[in-house]
Every structure is written in structure tokens, then in C-alpha cells.
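Please open the structure in your viewer and keep the selection panel at hand. This tour goes from stop to stop, saying at each one what to select and what is there.

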Amino acid sequence: MQLSFKKIILAAMATHLLVACGETVDPIQHAVELDQTLMTLDTHVDIPLNYATSEVQPHDGELQVNLKNMRSGGLDAAFFIVYTGQTDRTPAGYATARADAEAKFAAIHRMTDILNSDEIGLATTAAKARELNSAGKLVAFIGIENGFVIGKDLGLLEHYRDLGARYMTLVHNGHNDIGDSAQPQERLGDQPEEHGGLSEFGRQVIPELNRLGIVVDISHVSRKTMLQATQLSAAPVIASHSAVRAINDHPRNMDDEQMLALRDNGGVLQVVAYDSYLKAGGGSTVIDFVDHIDYAVDLIGIDHVGISSDFGGGGGITGWQNAGETKNVTEELIRRNYTDEEIVKLWSANTLRILEEAEKVATYP
């Protein structure tokens, strides 16, 4: 893979200073100044089942993302995730998945509505997120990871939308009733393919998500599922936590054809700070992370790339191990000569645009 122009700049730098408009700029100081107006949005943060209880409080220092290190590290907003793992597709399995989902929805609402309402608010629209951010509050969105939470019941999508869900990852590790996964699971008896992409049920799920204004998330899905869902969706889709396959050939990453399809759909790839997705053999750093951002920007453009951590779900790299180190990512982007406007797009503006596009397509009251 050829080095991008920004990577050449980085490799040539002897210090952590760059020159802009004839003046020497310190990336650390610039990041501090930019933080005063920038909304940083992480599109994927997992929470435990006992979140926002006496056992695990939102301020808990053991969490990679807690309200204290969001403040100290400059992370303004996050999608807190209603995740359920893939299990057997049986009535008992569906019931457990729904119960776990309900528990996590309730936990996020306890955080924003009861326990910490003076510090963080729930956003269900891009406009509400901007309003909360302008008021000095942290921002919580809700995303669903794994369409297994609806089983075969399309009507549950409207229920979850009413609870605040604004994106849904169609599948997780293992095929489900919606479509094929990028990582079939032998323990579930998965074959390499089950549906050849989306199932017939999955082809009903996509327009229903569009109707409700819930963004279609194609992270974790197979290549065929991704391309079919992207073509079918009337609203732009996202890959809420994936990386670039041309740099690291991992099944969870997106190849060039997928990324171009995402661009043509108007969507966004939120590059994820997950060690094994960024570099084979591991040991990834913020430099490796921004290499993936560089590649995506060079291929599909600055308007189609975002940022995610997968904190709480395995994410974390040297330099960005928790929300308290968020400014390190901004500093690295500055070192690569990204402009302030471009950094704003990467951190939040592109994702907020996606939400606004989904709102426009939606016909749900």
C-alpha cells in the first residue's frame, strides 16, 4: 500500500510541531483550543448489564468510559450500546436477548434521566445533541448491537425506537434471522453462509429501520450482507466500528469496494480503535489508528469517515486506552495536517449528518 500524503508528512517530521500559515503550531495546545468548540462523538461504547446500579456507576473509574474521564479527556458524546450476544434462535434465546436489551435501555435512561441528569443528557436527534453540548452537558445516544434483539418480530423495532435507539447493527458474531455475519460461529452450527447476505426477513428490516429513522449499521455483517443492505437502504448507512481491510486483512474490516459503496450511499465508516482490527499481531497505537483514518479519507473522502473506540467491548490501543486519552487522537490528526473543519467532520459532523438524513427519510411520527 502506498503511503498517503498525510503519512509522508508525518514520517518526515522530526518533532511534534508542524507549520501552518508560516507559524509554528503546537498540536497539544491546538487540540486544547479546538476542544472549546469541537464536539467529539464516539459511536460505539459498550456497557455491562448492571450499568447505572450500585454495582457499576457511570462515574466508575474502572470503566473505560465514565463521566469523569469523558470530561477530563475531552469526549463530549457517545453512543452507549444495547448489546446482546448471538445465541440459539429459539423462543428462550429470543426472550433472553430481549430481556438483556430492556435492561440496558433502562440503565442508559437511569444514567441520563435520574442519576446524572445534571451532567449528561439523552439525545435522540442531532439537534438535541447540539443543544446539550452547547449547554455544557455530556451527550448520550443509544445504539443497538445485534438485530438478534428483535428475533423475528419486526414490531419490536418501533418499541426500541421509542426507547431511544438511533442505530442498529444488523448482526454480530454469528448469523441471525436478518442476515449473514462476517464471523460465522461454529458453536452455533453456522455454515460460511446461511442466507447469501440478507434474509427475506432482513429485506423487511431495512425499510422498517428507514421508516423509523433508525440508522442501519453494517459493522459485523458479511460482505454480501453489507453490499445488499447498503443498496436497499433509502437512508445513508454507517459502519459504527470497523476498520480498513487494505491495511489489515481481518473479516471485520471493510475492503475498498465496500467503502466505495458506503460513500455512494452517503454513509460513514467510523474507524475503530480495536487492536486486532488495526494491525495483525496487535500492539496498535494512535498512529496505527490514524493510518486507517488516512486511508479511508484518501479513498472515500473526508465526509464519509468518523471515529469510534469500542471501549467496553474490547477496544483500546496505546494512546487511546480510555476516554481520558481522547485528546491524543485529536493531536495526532493535527500532526497529520488535518484542518479544524476536517477534524470536526471526523469527530462528529459526519455522524450527525447521517442522523439528520435518517430523520428526513423517516415517516414515523
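Begin with Gly-213, which comes just after helix 7 and takes a positive phi of about 80°. Before going further, keep in mind that what you have on screen is a predicted model. From Gly-213, step back into helix 7 itself and colour its buried residues, which are Gly-202, Val-205, Ile-206, Glu-208, Leu-209, Asn-210 and Leu-212. What do the buried residues of helix 7 pack against? If you display their surroundings, you will find helix 6 (156-162), strand 7, strand 8 (215-217), helix 8 (223-232) and helix 13.

Next, select Gln-191, which belongs to the loop between strand 7 (165-169) and helix 7 (202-212). Is Gln-191 buried or exposed? With a relative accessible area of 52%, Gln-191 is exposed, and when residues up to four places away in sequence are not counted, Gln-191 touches His-175 and Pro-184. Now draw a line from the C-alpha atom of Gln-191 to that of Trp-347: these residues are 156 residues apart along the chain, and the two atoms are separated by 38 Å.

Helix 13 is the next stop, together with helix 5. Select residues 126-134 for helix 5 and residues 340-361 for helix 13, and you will see two helices that pack at an angle of about 140°, with their axes 8 Å apart. Helix 5 and helix 13 are therefore oblique to each other. To see where they meet, show the side chains of Ala-126, Ala-129 and Arg-130 in helix 5, and those of Leu-352, Leu-355, Glu-356 and Glu-359 in helix 13, since these residues make the contact. Sorted by character, the residues of this contact between helix 5 and helix 13 are four nonpolar and three charged, with no polar ones.

A second pair of helices can be looked at in the same manner. Select helix 9 (residues 256-265) and helix 11 (residues 286-300), which pack at an angle of about 60°, with 10 Å between their axes. That angle makes helix 9 oblique to helix 11. If you turn the view until one helix lies in front of the other, you can follow helix 9 as it passes helix 11 in a right-handed crossing. Which residues of helix 9 and helix 11 meet? On the side of helix 9 they are Asp-256, Met-259, Leu-260 and Arg-263, and on the side of helix 11 they are Tyr-295, Ala-296, Leu-299 and Ile-300. The residues of this contact of helix 9 with helix 11 divide into six nonpolar and two charged, with no polar ones.

Stay in this part of the chain and select Asn-248, in the loop between strand 9 (238-242) and helix 9. Asn-248 is buried, with a relative accessible area of 8%. A polar atom of the Asn-248 side chain lies 2.8 Å from the backbone oxygen of Ser-276. Leaving aside neighbours within four places in sequence, the residues in contact with Asn-248 include Asn-253, Tyr-277, Leu-278 and His-292.

Now move to strand 3 (residues 41-46) and pick out Thr-43. At 1% relative accessibility, Thr-43 counts as buried. Not counting residues up to four places away in sequence, Thr-43 touches several residues, among them Phe-79, Tyr-167, Ser-240, Ile-307 and Thr-351. Look closely at Ser-240, whose backbone oxygen lies 2.9 Å from a polar atom of the Thr-43 side chain.

The last stops concern backbone angles and burial. Select Asn-146, in the loop between strand 6 (138-145) and helix 6; its phi is near 100°, a positive value in a residue other than glycine, and at 0% relative accessibility Asn-146 counts as buried. Then select Asp-310, in the loop between strand 11 (305-308) and helix 12, where phi is near 60°, again positive in a residue other than glycine. Asp-310 is buried as well, with a relative accessible area of 4%.

Finish at helix 12 (residues 326-335), where eight of the 10 residues are buried, so that this helix is largely enclosed by the rest of the structure. The buried residues include Thr-326, Val-329, Leu-333 and Ile-334. Helix 12 is followed by Asn-337, whose phi is positive, near 75°.

Notes. Residues numbered from 1 in each chain as written. Predicted model: local features only at pLDDT ≥ 70, side-chain atom pairs only at ≥ 80, totals over all residues. Heavy atoms only, no water. Axes fitted to C-alpha atoms, helices over the stretch in contact; angles between N-to-C directions. Helix = DSSP H or I, 4+ residues; strand = E, 2+ residues; numbered from the N terminus. Parallel < 35°, antiparallel > 145°, perpendicular 65-115°, else oblique. Left-handed = near helix turned anticlockwise from the far one by under 90°. Contact = heavy atoms within 4.5 Å. Nonpolar A, V, L, I, M, F, W, Y, C, P; charged D, E, K, R; others polar. Buried < 20%, exposed > 50% of the residue type's maximum accessible area, 1.4 Å probe, protein only. Polar contact = N/O pair within 3.5 Å; in protein donor to acceptor, adjacent residues only side chain to side chain.
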